[in-house]
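Take a look at the model below and turn it around a few times. Then let's talk it through.

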Amino acid sequence: FYYNDAGVQIDKLGRSVLARYLQAAGVDEPFPEDGYPGDYVTEYAQALLASDGKRWVDVPRAEAVPAIGLRAGEAMLERIREDLAAFGVRFDHFTSERALGKSRKVEEAIEDLRERGHLYEQDGALWMRTSAFGDDKDRPIVKSDGSLTYFASDLCYHREKMREGFDRLIDVWGADHHGYIPRMKASIRALGHDADKLRVVLVQMVSLSRDGVPVRMGKRTGE
């Protein structure tokens, strides 16, 4: 189970929880327009207030958001584990995007691609020639600000699978990520492996109701 605990999602989760936490603490705080609206955000914010008191009220946003985001992400991961158990699904290994990014493995994957001649610089960013391997256009792997794209971590994750000797990779993605398949297969080819070893199963979101009333679902990190 590869879960997102870094980047945009964790920042948004941190800002969402912090806003609900401050509101619960009596602070007139607006909720982020792009925040996660799920009840689980409010529930966690209230639990945070109960455990930490008003500790985070005066902490600078730049410090509070990432700290709260990581803690909330860990709590959400536990809820995901509970959901999986309810479905009778068990994963032997959980891989953290944050831990992967901190390791040397991503840099090794990028250097591998560089040595193979599949990278180039443009507009201050580092791009991969995925179009040479079946993708409709090239993709950035390092942004102009030096931060990694999701694609960089994803291709590294699949590279490690291949290096460990797995002869079949089955990914389960949300249907909204269907356009991501060509670039993932392109990266596997670029790394010198057989892209047919990768099979992507797409699943669709469903609408849930309780007593005939639609239940609004908030996006969870690690989805």
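Q: In which order do the 3 strands of the open sheet come?
A: A quick bit of housekeeping: this is a predicted model, where local features need pLDDT of at least 70, side-chain atom pairs count only at pLDDT 80 or more, and totals for chains, interfaces and linings use all residues. Residues are numbered from 1 along each chain as its sequence is written, and side-chain values use heavy atoms, with hydrogens and water left out. Helices (H or I, at least four residues) and strands (E, at least two) are DSSP runs numbered from the N terminus, and two strands pair if DSSP finds at least two bridges between them. Here the pairing is antiparallel, and the order of the open sheet is E3-E4-E5.

Q: Which strands stand at the edges of that sheet?
A: An edge strand here has a single partner strand, so one of its sides is left without a neighbour in the sheet. That describes E3 (119-122) and E5 (139-142).

Q: How many degrees are neighbouring strands of this sheet turned against each other on average?
A: Axes are lines fitted to C-alpha atoms (for helices, over the stretch in contact), and angles run from 0 to 180 degrees between N-to-C directions. For this average, though, direction is ignored. Neighbouring strands of the sheet come out turned by 45°.

Q: Which residue in E5 stands opposite Trp127?
A: Strand E4 (residues 125-128) runs antiparallel to E5, and the two pair over 3 bridges. Opposite Trp127 in E5 you'll find Pro140.

Q: What angle does the direction of H6 make with that of E5?
A: H6 packs on the sheet and touches both E4 and E5, a contact being heavy atoms within 4.5 Å. Its direction and that of E5 make an angle of about 85°.

Q: How far is Asp154 from the nearest side chain of opposite charge?
A: Asp154 sits in helix H6 (residues 150-163), and beyond residues up to four places away in sequence it touches Tyr2, Tyr180 and Met184. It's buried (under 20% relative accessible area; exposed is over 50%, partly exposed in between; 1.4 Å probe, protein chains only), yet it has no salt bridge. Lys and Arg count as positive and Asp and Glu as negative, with His and the chain ends not counted. On that basis, the nearest opposite charge is Arg183, at 7.7 Å.

Q: How many residues of H7 are buried?
A: The buried set includes Arg183 and Met184, along with Ile188 and Ala190. These buried residues of H7 pack against helix H5 (105-115), E4, E5, H6, E6 and E7. The helix is mostly covered, with a buried count of 8 out of 10.

Q: Which strand do 6 bridges join to E6, and what is the handedness of the crossover between the two?
A: The partner is E7 (residues 198-203), running parallel to E6. The chain gets from E6 to E7 through helix H7 (residues 181-190). With the strands pointing away from the viewer, a path from the first strand over the helix to the second that runs clockwise counts as right-handed. So that's E7, by a β-α-β crossover that is right-handed.

Q: How far apart in space are Val201 and Trp173, C-alpha to C-alpha?
A: Val201 lies in strand E7 and is partly exposed, with a relative accessible area of 26%. Trp173 belongs to the covered face of E6 (residues 169-174), together with Leu169 and Asp171. Val201 contacts Trp173, as well as Ile170, Asp171 and Val172. The Val201 and Trp173 positions are 28 residues apart in sequence, but in space the distance is 6.2 Å.

Q: Which residue forms a salt bridge with Arg81?
A: A salt bridge puts a side-chain nitrogen of Lys or Arg within 4 Å of a carboxyl oxygen of Asp or Glu. Here the closest N and O atoms are 3.4 Å apart. The two residues are 3 apart in helix H3 (residues 61-86), so about one helical turn separates them. The partner of Arg81 is Glu78.

Q: How many residues apart in sequence are the parts that Arg159 and Asp112 tie together?
A: This salt bridge has its closest N and O atoms 3.2 Å apart. Arg159 lies in helix H6 and Asp112 in helix H5, so the pair ties together parts whose separation in sequence is 47 residues.

Q: Which residues do salt bridges with shared partners join into one network?
A: Both Arg159 and Asp112 belong to the network, and both are buried. The full membership is Glu108, Asp112, Arg116, Arg159, Glu160 and Arg163.
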